[in-house]
Every structure is written in C-alpha cells, then in structure tokens.
Amino acid sequence: MPTQKIDLKAVQDDFKARIARVKRRVVICAGTGCVANGALDVYHALADAIAARKLDVVLALNEEKDSDAYVSKSGCQGFCQAGPLVTIEPEGYLFCKVRPADVSEIVEETIIGGKPVERLVYKHPANGQLYAKRDEIPFYQRQNRHVIGDCGVLDPENLDEYIARGGYEAARKAFVEMTPETVCEEIQVAGLRGRGGGGFPTGTKWQLTLAQESAKKYVICNGDEGDPGAFMDRSLMEGNPHRIIEGMMIAARAIGADEGYVYVRAEYPLAVQRVRKAVEEAALAGLLGDDLFGTGLSFELFVMEGAGAFVCGEETALIASIEGERGMPRPKPPFPAQSGLWGKPTVINNVETLATVPLIIEQGSSHYRTMGTEGSPGTKTFALTGHVVNTGLIEVPFGTTLREIIFEIGGGVTDRFGNPDPHGFKAVQIGGPSGGCLTAEALDLPLDFESVKGIGAMIGSGGLVVMNQDTCIVQVARFFMQFTQKESCGKCVPCREGTKQMLALLDNIIEGRADESTLPLLEDLAIAVRIGSLCGLGKTAPNPVLSTLRYFRDECQAHVVQKRCPTGQCKALAQPEIIAPLCKGCGACIRKCPVNAITGEKRQPHVLDASLCVKCGACAQVCKFNAIVGV
Amino acid sequence: MTDKNTITLNGRIVPIDNGKNLLEVIRKSGIELPTFCYHSELSVYGACRLCIVEIDGMGVQTSCSTQAVPGMVVRTHTDPLRKMRKIYLELLLANHHQTCTTCVKSSMCKLQDLAARMGVTEVRFKTTESAKPIDASNPSLVRDPNKCILCGDCVRACDEIQGIGAIDFAHRGAGTTVVPAFGKELKQVDCVYCGLCASVCPTGAITPKSEIDSVWSAIGKPKTVVAAQIAPAVRVALGEMFGLEAGQVTTGKIVAALKMLGFHKVYDTSYAADLTVLEETQEFLVRKTENRKLPHLTSCCPAWVKFAEQYLPDLLGNLSSCRSPQQMFGSLAKRTLPEQLKIDVKDLFLVSIMPCTAKKFEARRPEFMTDGVADVDAVLTTQELGQMIRQAGIRFNELTPDSLDMPMGFKTGAGVIFGASGGVTEAVLRYAAEKLKSVKDENAEFVEVRGLEGVRERQLTLGDVTLKLAIVHGLRNAKTLAEAIRKGERAYDFVEVMACPGGCIAGAGQPIAYGPAVRGRRADGLYEADKTLQLHAAQDNPYLQKCYRETLGSIGGKTAHAWLHTKYKNRKRYEDASFSVSDNGVQQKLQVCVCVGTSCYVRGSQKLLERTLKHVKNAGLEDTVDVRATFCFEQCDRGPTVRIGQTVLNKCTFEQVCGELQKQTAMV
C-alpha cells in the first residue's frame, strides 16, 4: 500500500480554512444509542430538507467554497437519555429527541434564522426550566469532558478533523522529541492509572515492559468492554478512534513495540467499523507503518474482533484469544509485561487509558494532575444508568462525590413510573458485576480508586447503576451473579463452581427456601471465591454478594427469616391479598382466577385464599382499583 | 537473614534445591499439598486451587504457579486455607456424581482421597447440573462427564504429550465441559485410544472400558477353551495392585492366578514379540539394503499406527507391515492352537492381557479378523486382571508361581524388553547385529538405546553398515520428528515410536501411578527379567525356529506374510465432520461443502468460504443453498477443495464456485 508522509501542520491549516468558510455546523449524534433511536433517519431527512430548501450546504467539507452549513455526524454526545441529539455550532444549541419530522423546523428556525427550536430544547423535568445551549444544561455543566469531549463534536471518520484539533501532535512529540524513558516518565509522573478496573499505574506497567530485553514487543488495546450497562469504551472507539490509535502509538514508542492489536468485542459492530477505517486512513497517511515521523521507527496496527466472552477482558485471556486459543486466563506471573502475546513483552491497556495518553503528552503531566485527587489524578468516564433522571455517558474528575453525579448531573432518582423522587435513593451499583452496592452513607465520599475499594466495591470500568427504593437488593446481587456464573471461563474451581452455588443460594433466598445456615454459608463461600480465584473475574465476582451482605443484611434477613421481601419484588415471598378498603366488589377478579381462589359477594370486598393462589397475576391485571397485591 | 537458598515453611527452614516451583519445594520437604491439576510433565494450569498457600507479602497464592524465592515465608495449613480447601472440595462434590461405591475408580480416586484427607464430612451445596450422557461408544475408553471435575489434565495430556487434542473444553461458565470435537463421541474423532487421558484423570470421568464380564462368561462356558497371552509390561506392574513394589516381576504368580481364575492355557505375548523381531528385522534389513522406504517406522503401538493413519498418510509406506505382537500371537494362535489342543477354532477364546487401552481397539480392527471373528476375542488391561483376581478372592501375594504353557509361552529376553521404550529397537539390533556382523553374540546388549527421554537419536555401526536410529515416545514428539523427516532436516534408518511416555510399561491399562518415578522402576524390572532368562536374542528361540520349520516357512515368506503382516490405510480424523454455517432451515438444499482442513486452509479456503457465504447471501440463494465448512476430503494436495452437490472441485477458485453454483441452482 503506497503511503504518503503527512504534514500535520498543513492538514490543520487546510481544515481550519475550510471550516472557517462554513457559517453553521450541524452535528448529529451517531453513537449507538442515538442511531438506535433513529439518528440516521434524522441525518438523511436533514440533508433532504436542506437540499429542498436549496441552501448552500456541504456534507463532506471538501469543496472549496463558502456555505451556510456543514452537516456531519459525531460519536456519542453523552446525553443518551435525550437522543437522537443534534448540536448546532457556533451557538452550541442542543436539540433533544429529534425526529425526522422536526428537521424542516430546524432548517427554518436555526440554520436560516439562527434561533433555537424551543420545543426541542432540554426541559428540566423537575422545574420545567428550558436550556437551549448544551453547556448550560446541568447534565453537561457539572462535567469535565476531558477525554470524551471531542467525541460529541468531531466527525470520527474524518482524519483531517482529528488532526485539525491537534491530533497526532502528541504522537509526533513522543517519537521526535522524546525518548522511551521520558515518555514512560511523563505518564508515571502524571499518575495515570488503568481505567479497566484495577487502577494499576500505567507508567509503571510501561516501564516494566520497556525494561524487558526483546526485539519484539506488542501493544494491545483492550476494547472488550463487557460490564452490563457500561459503554464508555464503545463511545470512545466509535466517537474518537484516532485518539486511541495515537495513544497506542505513544505506548509503542514508550516500550519499543512495533506491532499492536486493537481487540474490540464483536458486539460493537460500529466501533469495529470505525476503528478499522481509522487504522486504514492513518496507515494511508503514513501515521502507521514504517519510518514514523522520519524516525525510522515502525508501528503496525491490527484490529481484532472478540468472540463474545466477558472473560476476554481479562488480559491473559484476551491474549490467548488473539493467539487463537480458548479465552481462558492463566496464572500470573509471568505478567504480560514479561511474557505476553506470543510470549513477547506486551503492554495491554484499556481504551480509556490509551485515549487519555495523548492528552497527557500534549498538555503535560502537571496539567493532568490539576484534575482529580492525589492518588487518582485525572478524570473518569461513567455510564450512568438505572433509576436516574438523566442517563448517559459522563466524565468527572476523580474526587467528585456520588451525590454530585446522581443528583446534579443525573438530575436525581426516579420512582417506578420514571418521575423524579427526592427521597427515592436506595443504592448505587458501581463497577458492574465486579463492583458492589453503595448506600446513602457513601453519597458524600469523594470517588477514587482507594476510597471505593475501602468500602468493599471498586470503580471498575465505570458502570453506575442507580437504584430506587423499589429495588430488591437480593435480586440485584442475583442478577450480577447470574451474569458472572455464565461468563466465568470455567477454568478454576472457586469461580466456576462457586458462582454457580452462590447463584443457587441467592435463588433459595429469593424463593423462600433459605434457612439460618444460608447467609453464613453464602458469606463463607463468597470469601473463599474472592481469595482463591485465578483471575480478576473470579476474585471480584463475589463483590455484589459481599456488599449486599454488608450494607443490606437486614433486607437479606427479612427474606430468610420472615420470608418477606421488603420491596415486594420477590414474587415467591409475596403474600397474595385483597386490600379490603380498595376493593369495590366488582367480581372481575373472581371471573379471571383460574383456581377459584377468590370469593365474595357483589359490591362487598372480596377475599383471596392464599393457600389456593398460584400467583399467576391475572386478577391484579383486571383489577381497576389496584386492590390486589402480592401476586 | 536465613541461608540464601531456603524458605521458611510453617516456621521451618527448608531448602529450595532447584525446585521447579514452590509446590515442588513444599512436596520435597515432606508435605503432600493436595492438587488435581498439577502434573510435573504437563504445563502449570492453576485451576484446582487446592495447592494454595499463604505467603508473607503476597497473600494467598497457588504454590504450583509461584516461584520459590529465597527468604519466602510460607504457611500451608492455616485455618483460612483449610476452610477454603474444604469449600472447594465441597463445590466439586456438589456436582460430581457420587456413585463412589460402584465407581471403577473407587479407592484410586483422588477426589475421594482428598475429600477424606481434608475432612469433608458433608456437602453443604446442592447439585445444580443435570446428568449428561455417558460416551462408551468406542472399544477402549468410557467418558462419564458427570464425574469430571474439569481439572483439564486429560486435555493437556492429549495436546501436550500426544499432540492430538481429541478432547478439549467447550462452552464456558457453568456450562463448561470437556468434549471431543463438535460434541461428537470419541470414536467419531481423532482419538487414538492411548488412554493417557484416563491415566491422568483424578476421578472416574475417563476410564478404560472393561471387558471383564465377557471373559468371565467365556470361562463359564463348558466347551470353551480360554487361553491367555500376557504382554511383557504386565508382569512388572500387576503386583502394584497388591502392594508389591513397582518393577517386581510376577510372571509366575500371574500364571497361577489365571489358572485359578479358570483359564485353560496361559501363554506369553513375548513369544510373539520374538516373532515380530524376526519378521521386522528381516523387513528392515531388506529396506536398508535396497535403500527404500526408509526410515523404517515400527508398528507395534496401535495408538501410533492410528495416529500415523490419520496424520501421516505420506509416511504409511514406511511403517513396518508387521502386525503387533498381540495380533501376531492372535493370528498364529487361532491358526495353530485348535489342532494342537484338538478343539474347534470356535471353541477357542483368546484373551490378551495388556498394559494398553488402544490394544482393545486394535483387536477389533477388521484387518485382524478371520471370517468376521476377531483373532483376539477379548483384551483385558492389567487393571482388569487385578480386578478379576480380587473378585475371585485370590490372595495374589501368597500364590506359588506356576509356569507358562508351551510352546507359545517360551520367549527370549528380546521379546520381554519390548515393554519399555527402546526395547523394540534393542531387540531388532540383537538380531540385526548377528546378521550384519555375521558373528554370533548371544549376550549382545545395546544399552545406549534405553532411557526415558522423549527423543533419543543414536548412531551405531554393525559390521560395515552404519545405522541411524531414533527412539521416540509421546506422539507429539513423533509428529515433530515426522515433520523433520518430511522436510529432509532429519534422516534415519530406523525409528521406534511408542505413544505412551516410557513405552508400554506406562500404558493406560496399568495400575494407576501418577508421575514418572514408577516408570523407571517398571523398565528396570523388564531389563532384569531379560537378564534372568537363558536366551536374549529372538533368533535363538528354539520353539520359534521349530514353528518356522514346521508351519511358517521362511522369515518374511509367503505364509509368514499372510499370517503376520498387515496393510494400512488413510484414516479420516472425523466422521461426518461438517457443520452448518448458513441457515439450514429448508430441506433439500444444494449442499456446498468447503474444506477448512489444515491443508486447504493454508491454501485460502477460509477466504473462499467467506466469499462463498457472501455470494450466496447477495445472490439470494440462501433458501436453496446450504453452505458448510467441512474437514478433510483427503485431497489435500489439490486443495482448496469444494464439493457442490455431487461435484468436487479441486484447486478451487471463487469464480469456479460461482460458476458451478449457477449451473447447479439453475437445475434445481
């Protein structure tokens, strides 16, 4: 493949000149969430509407002319709850839940008129206040979108735009102006810690790999994000693939590698496609391949799709997977830094970690350390989901409290009908299946790697699931346990068999079969699995159980001793009952009941015989007065 | 500070002594840490987690995967460690079919042993898995997944030592199982029945298939004459089942036991091994003189023969055409004994007692049947014979030795050392030396070919002929050597291959003995037996000389060839090895099979398959065409091979596929 050597400065100037000739920019979010909600239809409708209006608009920015607007797609803009999202620059308007039917109004009012479309702007669910500009919306205002910021703006399929925003400048600096030692040193001083879950210092990892004598070394980007509900890495790969490539180039420079792999889970087709395209374009531009920046050094990059196993996010399993073996972890040591891919020294970093690297090299470690805490500098992205008003992808400096995240950025907790409920907070599950539940007591804890670990959970890759008062905590633990027992690789005994039995014990609790020995046994087992498992998956799998036992012991006891689920979610424990004051005696339930468990006179409160009831729920469905509970 | 090369183990100072890992150091110091998945000859796996220890500054670690570092402070049985080990055993037992009283592995089972040792008196967890079917479809091995604890020993043994990988892990999490490829039965895949999996299995999940009942039933038939042949390796191992030292030769006791069990005649497979030596040496020397079909490859190991048929079709011509001693014995016995014993051949029931599970498969090969009846009617392993002796209540150790029946009970030392790796080579050399040097040396020994290393290359000169030899055991070693021979990197005259590490003495039918130490003692036993015999070279066996004079004619002659030699054929690795990669909902589809076997794969069949799939989709042919990936069409040299309907396309291109598809779909 013929490659040309790229002149970064020339590309920057050229792109800036082109964009300067555009009056307005329309950025349509093309992250997976918005695409699923019809963002591409909006894009096409907008293009059509503009054409119909005979406006001077460009879609590709390669024509040398002045124009009224430039319409482009971006990666995830973060506010997934409100998608499909459309941002208009330079005003910074953000339109929410845009449908194809809305586009003509956008063209008339905003693109031509320069005014926001009022009915499409964000309306605060609690106080009804309107926010036309994105940066004023509390969801965005409270964040520090240091790493993911560009995701929502630039066109991920346009290398020029990435370069125009200073892209590949850090890589050039690392290759031309720095040595492997100084690159490692800079990352070390910055205090960057792995974002995949463990929080291991990236600089140390690089230095260890650099110290290994080997003609061949590898850099691997771990894009096998698998926690349920987490999508930080996906958004980065979809929204800013070149940043990841650049981070890998710098890592390669730091350790002396000439080959790299991006391991993306196959369930992220858009991420695979965008990363592949970015790698191709970077290679064509001479940013990958031989003689990088005239240094004589090479770096070749390959994209590899995973095969759908959660455990392949574990580094040794991931390496086995690339080698074509079954994705099973192996004992460490040796660490990948000593013997990784094909037995060669290998650095393996998470997507977010690598995406942070160019920023540190470009802006310096001291700037990086101005964000976050002493032990955990910088920012962290979280996928905020669950019973919260604003769900989406957020980024905050370490040290931010859960209260700020849930109540200010997230807009507070919602009840079962989706309405804000100021007193609804029960717990937040942090770190997905490897993390744990945190209670109201932890709301004011400044979040960083150590503080969260100290209270029995972990930052993990950054999933945050908010739970309201109607959530049964035992069922939450069961959900995660079901996940890990399915996703365990099946190699070591504690993880494979232990998760299976923890799940069985949780089922016993939920279904009323537990006795006084169940909780102590569950706890003993959980500890044995945590201490004795082979890899991180097994060692952290009991965390949801242990944190539940630690913070919600009473709720567990209620299930076990009184055979009662305090939230009423566990069907097997529910006591079927007709609440007499609510019952109007209409007889609808009597006619529906398949086992004749309900009796009663017309217009008199009916009675349900719990010993006959099979809890099919048919009665509650027909009851117009919500008088039947526990079925 | 303590001495440089020591650790502190439970408060005691213990030397490291170049231990491979912490586990070995601890075991050497006299503490038998429990393990399921640790085998010194296999890679460290770290899955059973029973060898956990507490190390100061490192917390709880598995000792198998930890290097002993001077100054380490280690504890092996603290309260938390013991509790954890107990929980892990309980976890394994919860889903283990606990049919211990009726399990063939009972009293030899590591799970049973460790549960007792660790004081597991109750299992607090419930069974969560449903029963899985048992695979007993092949003649050699029984796989019971319900007893599998997924330690992976079998998987690693099959892959790392035999280079086959007939079984591997499938699925993950709670659904993890060990299965043959595509979830088929063992007999449908490339298993060579060496049984190494069974000999490393800590539980009863893979066991040799028992033929005890058919032998008892033959013994019970009034007219039937039951005759036994005892393989060399059996005599140095059976005693272990009765508390005797490994390597102790118990031939006489075995004969006595067999007679007490009701066997009418007891012969020695070593007699047939002597016969093999004569036939094989003759064959080899002809090849050497004519300089063709070299290297000469031995053929007495049935697992190796099946392996060669599957993986080395181009070298099958080099394999000795000699049947194995078991089958030479079977053929000769069925043809000569009825006359000698004055019985009908139908009434002769021939039982061989073997250290080997593959021998069960070999005895059922169609090549070794006469008029549809197997020459060898039943094959018992050493273990099975031990069980029969126990069933009959015979006090083995107290037996007065009895002598073997003649003439087929007479052997020389050459036929006895067959049981150890290098034995066949040495036996052949003892005859070849006499022929090439034209000097008789009744006590010639070739100690240089003995040993336990996996590959041994030797060169020696007999008369004016120089012979290059290689002795290998472990089929992975054999495969590597065959590759080197194919590429011309290595050239030999004679190659001996045994599947089991150490040769037949370590066969899967032998009494359970984990680890390599026992092998050496058994081999020593055979070489001692050789020394105690009067004759050491096969050509000196007077009964064989008589047999050739009266029955077989000349060595390598017409009768000998018909009775004692065989042919080999290419063998498919998988039965019906295809799986659907496109929707298979509609019947009567046009079948497109793209070979993705190794040879076609390297010639680009994967790409071809992908393009074909895409083409079928784009051309809207999904309802009429079923695209399958398949394994070997045995046309490897002409790959990639694609079969469309009945048409087989060699050196197939994408364009050819499209053309043929168009042609055939137009007819549908």
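**Exercise 1.** Work out why A:Leu464 counts as buried, and place this residue in chain A.

*Solution.* Step 1: A:Leu464 counts as buried because it has 28 C-beta neighbours inside 10 Å; a residue is buried if 20 or more other C-beta atoms lie within 10 Å of its own, exposed if 12 or fewer, and partly exposed in between, with C-beta atoms placed from the backbone. The model is predicted: local features need pLDDT of at least 70, side-chain atom pairs count only at pLDDT 80 or more, and totals for chains, interfaces and linings use all residues. Residues are numbered from 1 along each chain as its sequence is written, while chains are lettered from A and ligands numbered from 1 in the order in which they are written.

Step 2: A:Leu464 lies in strand β16 (residues 463-468) of chain A. Strands (E, at least two residues) and helices (H or I, at least four) are DSSP runs, numbered from the N terminus.

Step 3: Leaving out residues up to four places away in sequence, A:Leu464 touches A:Phe382, A:Ala383, A:Leu384, A:Ile405, A:Val428 and A:Ile430. Such a contact requires C-beta atoms, placed from the backbone, within 7 Å.

**Exercise 2.** Describe how strands β10 and β11 of chain B are arranged.

*Solution.* Step 1: Strand β10 (residues 225-230) of chain B runs parallel to β11(B), and 4 bridges join them; two strands pair if DSSP finds at least two bridges between them. One bridge partner of this kind is B:Asp268 in β11(B), which partners B:Ile230.

Step 2: In a regular strand the side chains alternate between the two faces of the sheet. From β11 (residues 265-268), B:Lys265 and B:Tyr267 point one way, B:Val266 and B:Asp268 point the other way, and all are buried.

Step 3: Together with helix α7 (residues 251-261) of chain B, β10(B) and β11(B) make a right-handed β-α-β unit. Right-handed here says that, with the strands pointing away from the viewer, the path from the first strand over the helix to the second runs clockwise.

**Exercise 3.** Find the strand order and the edges of the open sheet in chain B.

*Solution.* Step 1: The 5 strands follow the order β2-β1-β5-β3-β4, with mixed pairing. The edge strands are β2 (12-15) and β4 of chain B, each pairing on one side only.

Step 2: Strand β3 (residues 52-55) of chain B pairs with β4(B) in the antiparallel sense over 4 bridges. In this pair, B:Ile55 stands opposite B:Gly59 in β4(B).

Note on methods. Contact = placed C-beta atoms within 7 Å.
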